[in-house]
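Got your viewer open? Keep the selection box handy, and we'll walk through the model one stop at a time.

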Amino acid sequence: DVYKRQVYMWDFSDEKNPRKLWEYNLLGKVAGGNIIDQRQDADGTLWHTYADGSRLRVGQAGCLQTSYVCLPTRQGLIALEPTTGKVLWQRESSSGVRLFGDDEFVFAVETGQDGAPTRTEVLRAVDGVAVQVPDFAKLFHPSRRVSQVGRHLLLFDAGPDSTKRLRLYNILNGQDVWQATFPSGSKVIRSADPQFTGILQPDGAIRLLQASTGQVVLDIADPDSRIQPEHLQGIQEIGLLLDRGYFYIVLNRAAENGVYSYPAVGNGLKALRIHGTVYCYNRATSEFEWFRDDLTHQFLILENFDDLPVLLFGSMVHRANGNSQTTKFEAIEKRTGRLIFERSMPSNGGQFYAMRADAKAGSIELIRHDLILRLQRESAAADGTGENPGTAPRENQRGDNLPAGPQPMRAIQVIRLPAAQAVRPILPLVPAAPPKPAIP
């Protein structure tokens, strides 16, 4: 709870009757909860500053492990027992500290107003006692740090002879676990899954690795399979998404002037900005599958991402020159890269606040206060009433590479809700995903 500065612990073991176990106010019981400043670091971290000078990071309240929860508060660090909220230990610290860790240690990084690390500390998780380790403030700078992996930092920095180096650094002993060297001009691929990382080389070649071991899981060097030259121009962000069957490389360009886009989903539903090209590679065979370079001003909906047969996009697009705002949806079949649905609608209904995915019924529903957008298998019987736009699929950008087979998600309905049903639920209606198989 960002704006009320509360941290809640809930027990969802009984899905029908979830229980709140405890809550904790990061600002304490004293007055002074007014936000006087808001700023963003170089790595995108958003901070709120309060009247007394204390700061809180938006979007990540602390460090959660099975044996403890460590939180940065106005009074310093506090560690709580996860199920009871009982205080395990407390320690003085800056309110603007960033935390990460594993089951044994808590790693704390204090930053200045510009987001640059100024001081680091390592604490034992069991009692909060400081542990002496080499200082890692310079390594934690956004210009070098890719991510945190437990007690390690994944770093991308300069190597010998003008090369670039990707490496995993052990904070406790100050040594590299592994490192790999790449040509000058290579760029790091930032993964949504911290288990993976990768590099895009200047010629478009791709190498994906296990972050913990450096083991190569995908190596694409063939000229016909690597990123094509026209898609390397103007790249600002390179991302990696994955599900059980595929790796997806996202190449984002800068947004057009005067065009602003926002996720079409809210209420805690996750989405990733997409404005550029998406490449798809098969995890089992390492083969190139397809790419699409016609995705503009979109957001990829990440809820139930592993289990959906489609990439589902939804954005609210505002064009300043025309003073107009529309909500745009697109669905791309994962297996083939076909665009099987696209539709624009007025944005006056706001964001979609919930999502339901029913594998048995073969349906995906996005819910807004005034309507439901449903995608359903052609073979499944669609219930309810509403519009059926029936958009014809477009080929992917390498049509000769399409496998044979029917399109699994084609029937589309927009069901408009009566006013009596237009009630906003407290929680997103997203079922729990089944356990993930072990990643090879």
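Start by selecting serine 225, which sits in the loop between β21 (216–220) and β22 (235–242); strands here are DSSP runs of E with at least two residues, numbered from the N terminus. Serine 225 counts as buried because its relative accessibility is 16%; buried means under 20% relative accessible area, exposed over 50%, and partly exposed in between, with a 1.4 Å probe and protein chains only. Now show what serine 225 touches: leaving aside neighbours within four places in sequence, it is in contact with Ile220, Tyr281 and Phe288, where contact means heavy atoms within 4.5 Å.

Some housekeeping before the next stop. This is a predicted model, so local features need pLDDT of at least 70 and side-chain atom pairs count only at pLDDT 80 or more, while totals for chains, interfaces and linings use all residues. Residues are numbered from 1 along each chain as its sequence is written, and side-chain values use heavy atoms, with hydrogens and water left out.

Next, the largest nonpolar core. A nonpolar core is a set of buried Ala, Val, Leu, Ile, Met, Phe, Trp, Tyr and Cys residues joined through side-chain atoms within 4.5 Å. This one has 21 residues, and Leu200, Ile206, Leu208, Ile249 and Tyr281 touch the most other members. Among the elements that give it two or more residues are β19 (196–200), β20 (206–210) and β23 (246–253), but the largest share, 4 residues, comes from β22. Apart from this core lies another, of 20 residues, including Leu269, Ile340, Met355 and Leu366.

Staying with β23, pick tyrosine 248 and then phenylalanine 305, which lies in the loop between β26 and β27 (310–319), 57 residues apart from its partner. How are these two rings arranged? They form an edge-to-face pair, 5.8 Å centre to centre with 80 degrees between the planes. Rings of Phe, Tyr and Trp (its six-membered ring) pair if their centres lie within 6.5 Å; planes under 30 degrees apart count as stacked, over 60 as edge-to-face and the rest as tilted. Both tyrosine 248 and phenylalanine 305 are buried.

The whole structure holds 14 aromatic pairs. For a stacked one, select phenylalanine 100 and phenylalanine 107, at 5.2 Å between centres and 15 degrees between planes. Add Phe105 and Phe140 to see the full aromatic cluster with Phe100 and Phe107.

From phenylalanine 140, look for arginine 145, which lies over the ring face at 4.0 Å from the ring centre. A charge sits over a ring if NZ of Lys or CZ of Arg is within 6 Å of the ring centre and within 35 degrees of the ring normal. Lysine 164 does likewise over phenylalanine 156, at 5.1 Å from the ring centre.

Arginine 145 also takes you into a sheet, as its bridge partner in β15 is leucine 155. The open sheet has 4 strands, ordered β14-β15-β16-β17, with antiparallel pairing; two strands pair if DSSP finds at least two bridges between them. β14 (145–149) and β17 (175–182) stand at the edges with a single partner strand each, so one side of each has no neighbour in the sheet.

Last stop: which residue in the loop between β15 and β16 (164–170) should you click? Pick aspartate 161. Its phi is near 55 degrees, a positive value in a residue other than glycine, and aspartate 161 is exposed, with a relative accessible area of 75%.
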